[in-house]
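I opened this model to look up its pocket, its helices and its ring contacts. My entries follow in the order I made them.

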Amino acid sequence: LACAAVALAPTLPLANNLADKPQHLLFALPAAFIHMLAIALAAALMRSLAPPTLPLLIILVLAEEIARYVTYRLVATFMRWVGAPAATPPHASAVATSVHIAVAAGLGVGLVNTLMLHGGMLSYAALPGSLHVPGCSLSVFGADAIYCAPMTLVHVALRIAPWTHADPRLW
């Protein structure tokens with residue numbers, strides 16, 4: 001439980017974004033689903049084409065970037081469809097709206113990433129004894145939680161940076 005709290009700690013201040021505007025949850029869920037599809041594709045490729053080679057790793061990175069682009073296009077299409085304020089950049093309200101939506105999408109992806117990485121480690125909790133990182137007294141679960149925490153922030157940042165500088169005609 002403590003490790004899960006560490007893994008999800010960075011999401012608490014950012015989750016205020018979803019609490020204030022619950023409609024942004026509509027952007028977090030598809031982003032999370034598209035990210036899960038990209039992870040499933042990556043896992044299938046890694047399983048079938050082991051050992052990993054440079055072309056395979058390039059394909060995996062491209063799959064993640066395509067998932068990020070599909071999420072952006074989905075949000076842009078939805079925003080045009082509903083006629084939201086983001087349909088008229090470069091107004092300040094359009095940039096603020098895109099930041100809020102990017103944070104929501106990044107949180108959705110970050111939470112899915114945390115659940116998949118940290119949830120995968122929880123299967124080892126049923127085993128006898130305690131697992132530790134080699135050369136360190138930190139448990140594997142604690143190390144995984146410490147890894148998951150900044151990764152959520154990275155996913156949010158990877159949504160904010162391009163979405164706020166995107167071509168205004170896409171909105």
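**Entry 1: the pocket**

I began with the lining of the largest pocket: 14 residues, with His-35, Ile-39, Ala-42, Glu-64 and Asn-113 nearest its centre. I am working from a predicted model. The volume of this pocket came out at about 300 Å³.

Which helices supply at least two residues each of the lining? I noted helix 3 (25-48), helix 4 (54-82), helix 5 (92-122) and helix 6 (140-164). Helix 3 gives the largest share, six residues.

I then sorted the lining by class. Ten residues are nonpolar, three are polar and one is charged.

**Entry 2: the chain as a whole**

I stepped back to the fold. I counted six helices and zero strands. Read from the N terminus, the order is α-α-α-α-α-α.

The chain has 171 residues, and 35% of them are buried. I also looked at sequence separation in the contacts. Of those between residues at least 6 apart, 75% join residues at least 24 apart.

**Entry 3: His-35 and helix 3**

I went back to His-35, which sits in helix 3. Is His-35 buried or exposed? Its relative accessibility is 4%, so I logged His-35 as buried, the cut-off being under 20%.

I listed its contacts next, leaving out residues up to four places away in sequence. His-35 touches Glu-64, Val-109, Val-112, Asn-113 and His-155. Two of these partners, Glu-64 and Asn-113, are also listed among the residues nearest the pocket centre.

I checked the length of helix 3. Its 24 residues reach 35 Å from first C-alpha to last, close to the 34 Å expected at 1.5 Å a residue. The buried residues of helix 3 are Phe-27, Ala-28, Ala-31, Ala-32, Ile-34, His-35, Ala-38, Ala-42 and Leu-45. I kept helix geometry in mind for that list. An α-helix has 3.6 residues a turn, so residues three or four places apart point the same way.

**Entry 4: aromatic rings**

How many aromatic pairs does the count come to? I got one aromatic pair. Phe-27 and Phe-78 form it, edge-to-face, at 5.5 Å centre to centre with 75 degrees between the planes. The label follows because planes over 60 degrees apart count as edge-to-face. The pair links distant parts of the chain: Phe-27 is in helix 3, Phe-78 is in helix 4, and 51 residues separate them.

I compared the exposure of the two rings' residues. Phe-27 has 7% relative accessibility and therefore counts as buried. Phe-78 has 30%, so I logged Phe-78 as partly exposed.

**Entry 5: Gly-110 and helix 6**

I picked Gly-110 in helix 5. Gly-110 counts as buried because its relative accessibility is 1%. Its contacts, again without residues up to four places away in sequence, are Thr-152 and His-155. His-155 also appears in the contact list of His-35.

I took one backbone distance here. Gly-110 and Val-154 lie 8.1 Å apart, C-alpha to C-alpha, with their positions 44 residues apart in sequence.

Last, I checked helix 6. Its 25 residues should span 36 Å at 1.5 Å a residue, and the end C-alpha atoms are 37 Å apart, so the two agree. I copied out its buried residues: Phe-141, Gly-142, Asp-144, Ala-145, Cys-148, Ala-149, Thr-152, His-155, Val-156, Arg-159 and Trp-163. Both contacts of Gly-110, Thr-152 and His-155, are in that list.

Terms used: Residues are numbered from 1 along each chain as its sequence is written. This is a predicted model: local features need pLDDT of at least 70, side-chain atom pairs count only at pLDDT 80 or more; totals for chains, interfaces and linings use all residues. Side-chain values use heavy atoms; hydrogens and water are left out. On a 1 Å grid over the protein atoms alone, a cavity is a set of points where a 1.4 Å probe fits but cannot get out, and a pocket is an open set with protein on both sides within 12 Å along at least five of seven lines; lining residues have an atom within 4 Å of a point. Grid points are joined across faces, edges and corners, and a volume is the space filled by probe spheres set on the points. Helices (H or I, at least four residues) and strands (E, at least two) are DSSP runs, numbered from the N terminus. Ala, Val, Leu, Ile, Met, Phe, Trp, Tyr, Cys and Pro count as nonpolar, Asp, Glu, Lys and Arg as charged, and the others, Gly among them, as polar. The expected span of a helix is 1.5 Å times one less than its number of residues. Buried means under 20% relative accessible area, exposed over 50%, partly exposed in between (1.4 Å probe, protein chains only). Contact means heavy atoms within 4.5 Å. Rings of Phe, Tyr and Trp (its six-membered ring) pair if their centres lie within 6.5 Å; planes under 30 degrees apart count as stacked, over 60 as edge-to-face and the rest as tilted.
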